[in-house]
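Work through the exercises below with the model open. Each task is followed by its solution.

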Amino acid sequence: MKRTKRRTVSVLTLTCVFATLGALPGAAQAPKPKPEPEVRKVEQLPGSDAGFYCKNIADKAVDARIAWQTWQLVGLEAKLRERAEELERKEAEYKAWVKRREELLENVEGQVVSIIARMRPEMAAAQLSTSDEQTATGVLLKLKPRVASEILDEMEPAQAARLTQLMVGFSESLEDRSF
C-alpha cells in the first residue's frame, strides 16, 4: 500500500514540477507564459494532498527554472564571447594578410614599371598589349608622360584609344588607384 502511495506522490511531484516549469514530458518545447496558469489548475484541487503539495513546491520549481535559465544564458554568453574573440583573431589575420599583399604588389608594380620604362617603346607596347587593360593602364599612368606616349604610339590605334580612355577615367581619382 505504501508503495502505491509513494509512486503516486512521485508522479504527482513530477507533474507539479513539470507543470510549474511549463514543460510536460513529451510535449513540444514552446515558450510558455509565467507559471500562474498552471498554479491556478492546481488550486482547483483545494482539499487534495496533491494540490497542497504542488502549491508548496511551486516556488522551488520556479527558482529551479530561473537557475536553469541563468545557467543556459551564462553558457550562451561564453559561446558568444568565444566566437567574438575568434572573429577578432580572423580580422587581425586578414588585415595582416592584406597589408603584406599591398606591400608585395607595391614592390612588384614598382619593378614592373621600371622594367617597362627601360624597354624600347615597341617591345613595351607588345608586352602591355598582352596584359589586361587595367594592368596596362596602371603601368602607363605610373610612367613618365613621354615614355607612355611613345608606348601608346607603338600600339594598335583601337587598343591605344581604350587605354587612353581608361587613363582619363583614372586620372580623375588618382588616390583610389590600387596599382
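**Exercise 1.** Find the aromatic pairing in the whole structure and classify it.

*Solution.* Step 1: a search of the whole structure finds one aromatic pair. Step 2: the ring centres of tyrosine 94 and tryptophan 97 lie 6.4 Å apart, with the planes at 25°, so the pair is stacked. The rule: rings of Phe, Tyr and Trp (its six-membered ring) pair if their centres lie within 6.5 Å; planes under 30 degrees apart are stacked, over 60 edge-to-face, the rest tilted.

The model is predicted: local features need pLDDT of at least 70, side-chain atom pairs count only at pLDDT 80 or more, and totals for chains, interfaces and linings use all residues. Residues are numbered from 1 along each chain as its sequence is written, and side-chain values use heavy atoms, without hydrogens and water.

**Exercise 2.** Place tyrosine 94 and tryptophan 97 in the secondary structure.

*Solution.* Step 1: both residues sit in helix H3, residues 49-118. Helices are DSSP runs (H or I, at least four residues), and strands are E runs of at least two, numbered from the N terminus. Step 2: the two are three residues apart, about one turn of the helix. Step 3: the protein as a whole has seven helices and zero strands.

**Exercise 3.** Are tyrosine 94 and tryptophan 97 buried or exposed?

*Solution.* Step 1: take the cut-offs for relative accessible area: buried under 20%, exposed over 50%, partly exposed in between (1.4 Å probe, protein chains only). Step 2: tyrosine 94, at 54%, is exposed. Step 3: tryptophan 97, at 44%, is partly exposed. Step 4: across the protein, 20% of the 179 residues are buried.
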